[in-house]
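The exercises below ask the reader to work through a fold from its strands to its core and its cysteines. Please keep the sequence and the model in view while following each solution.

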Amino acid sequence: AWHMACTYTEDITAIIPLNAGANKDVICSMKNVPVWAFHGVRNSIVPFEESQKIIMKLKNCSERDVVYSLLSEHGHSISDVIYNDPRIYKWFKRQR
């Protein structure tokens with residue numbers, strides 16, 4: 001999600017990256033793309049600190065909504081939890 005949003009900023013309405021790191025050197029190229037990032041604290045594959053670093057840098061340069069949600073009881077597999085939450089779809093609709 002991060003890479004696509006950094007590469008195709010004009011074509012992306014919003015992103016919801018899950019448990020993902022990104023290239024901090026180019027993250028500000030997507031300063032106009034709203035983000036709601038999720039990360040499982042118990043993730044042993046991608047540490048949640050990776051997302052935190054990206055979010056902190058993006059918040060410093062972003063002109064849009066940047067939200068970061070940590071899931072304290074979850075690890076790497078969080079897609080079912082996130083995609084079954086109706087709040088993300090309402091958030092997406094508000095980003096048009």
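**Exercise 1: the strands**

Strands E1 and E2 run parallel and are joined by 6 bridges, where two strands count as paired if DSSP finds at least two bridges between them. The model is a predicted one, in which local features need pLDDT of at least 70 and side-chain atom pairs count only at pLDDT 80 or more, while totals for chains, interfaces and linings use all residues. Residues are numbered from 1 along each chain as its sequence is written, and side-chain values use heavy atoms, with hydrogens and water left out.

Task: identify the bridge partner of valine 35 in E2, and then establish how E1 is covered on its two faces.

Solution. The partner of valine 35 in E2 is valine 66; helices (H or I, at least four residues) and strands (E, at least two) are DSSP runs, numbered from the N terminus. In a regular strand the side chains alternate between the two faces of the sheet. On one side of E1 lie Val35, Ala37 and His39, on the other Trp36, Phe38 and Gly40, and all of them are buried, that is, under 20% relative accessible area, with exposed meaning over 50% and partly exposed in between (1.4 Å probe, protein chains only). Because 6 of the 6 residues of E1 are buried, the strand is largely enclosed by the rest of the structure. Finally, E1, H2 and E2 make a right-handed β-α-β unit: with the strands pointing away from the viewer, the path from the first strand over the helix to the second runs clockwise.

**Exercise 2: the core**

Task: determine which element gives the most residues to the largest nonpolar core.

Solution. This core, a set of buried Ala, Val, Leu, Ile, Met, Phe, Trp, Tyr and Cys residues joined through side-chain atoms within 4.5 Å, has 16 residues, and Ile27 and Val35 are among those that touch the most other members. Helix H1 (2–7), strand E1 (35–40), helix H2 (48–61) and strand E2 (66–71) each supply at least two residues, and H2 gives the most, with 5.

**Exercise 3: the cysteines**

Task: locate the disulfide and state its handedness.

Solution. Cysteine 28 and cysteine 61 form a disulfide, with their sulfur atoms 2.1 Å apart, the cut-off being within 2.5 Å. The link is left-handed, with -100 degrees about the S-S bond. The pair links distant parts of the chain, cysteine 28 in the loop between H1 and E1 and cysteine 61 in helix H2, 33 residues apart. Cysteine 6 is in no disulfide, and the nearest cysteine sulfur, that of cysteine 28, is 8.8 Å away.
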